[in-house]
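Hi,

Here is the structure I said I would pass on. Have a look at it first, and my notes on what turned up follow underneath.

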Amino acid sequence: MREAGGLIHRHMKYILAFCRHRIANGVAEGLNSKIMAFKRKACGYRNRECFKTAISFFCGGLDLSG
């Protein structure tokens, strides 16, 4: 019970911010998760611009086969 109380106490600022604004970071976390999965699958790119373009296609759900 003390651990739970300590956890709530440590995160009280964030809990109150969510209650006040009703904004969560779930969308950002989901997008970051997609990018990291793509990064693991990609096995490297020559430069950052190619990687950014690939992320745009991957996260945007675009299909080049059509």
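**What I found**

Lys52 is partly exposed, as its relative accessible area is 47%. Keep in mind throughout that this is a predicted model.

I started with Lys52 because its relative accessible area of 47% falls between the 20% and 50% limits for partly exposed, and its side chain also has a partner. Lys52 and Glu49 form a salt bridge, with nitrogen and oxygen 3.5 Å apart. The structure has 1 salt bridge in total. Both residues belong to helix α4 and sit 3 residues apart, about one turn of the helix. That spacing fits the general picture: an α-helix has 3.6 residues a turn, so residues three or four places apart point the same way.

Glu49 turns up again at the start of α4, where a side-chain oxygen of Asn47 comes within 3.2 Å of the Glu49 backbone nitrogen. As for the helix itself, α4 covers residues 48–60, and its 13 residues should span 18 Å at 1.5 Å a residue; the end C-alpha atoms are 18 Å apart, so the two agree.

The same check works for α3, which runs over residues 26–42. Its 17 residues should span 24 Å, and the end C-alpha atoms are indeed 24 Å apart. After α3 comes Cys43, with a positive phi near 60 degrees.

Cys43 has company in that respect. Arg22 is not a glycine, yet its phi is positive too, at about 55 degrees. For background, most residues other than glycine have a negative phi. Arg22 sits in the loop between α2 and α3, and it counts as exposed because its relative accessible area is 59%, over the 50% cut-off.

Now for the nonpolar side of things. Ile8, Met12, Ile15 and Leu16 make up a nonpolar surface patch with about 310 Å² of accessible area together. Helix α2 (residues 12–21) supplies the largest share of the patch, 3 residues. Leu16 is in α2 and is partly exposed, with a relative accessible area of 38%.

Last, how many disulfides does the structure hold? The count is 0. Among the cysteines, Cys19 is partly exposed at 45% relative accessible area, and Cys50 is also partly exposed, at 37%.

Shout if you would like to go through any of this together.

Cheers

Conventions:
Residues are numbered from 1 along each chain as its sequence is written. This is a predicted model: local features need pLDDT of at least 70, side-chain atom pairs count only at pLDDT 80 or more; totals for chains, interfaces and linings use all residues. Side-chain values use heavy atoms; hydrogens and water are left out. Helices (H or I, at least four residues) and strands (E, at least two) are DSSP runs, numbered from the N terminus. The expected span of a helix is 1.5 Å times one less than its number of residues. A polar contact is a pair of N or O atoms within 3.5 Å; within protein, one must be able to donate a hydrogen and the other to accept it, and residues adjacent in sequence count only if both atoms are side-chain atoms. A disulfide is a pair of cysteine sulfur atoms within 2.5 Å. Buried means under 20% relative accessible area, exposed over 50%, partly exposed in between (1.4 Å probe, protein chains only). Patches are made of residues with over 30% relative accessible area and no salt bridge: like charges are joined within 9 Å, nonpolar side chains (Val, Leu, Ile, Met, Phe, Trp, Tyr) within 5 Å. Accessible areas come from the Shrake-Rupley method with a 1.4 Å probe; for residues, only the protein chains shown count as cover. A salt bridge is a side-chain nitrogen of Lys or Arg within 4 Å of a carboxyl oxygen of Asp or Glu.
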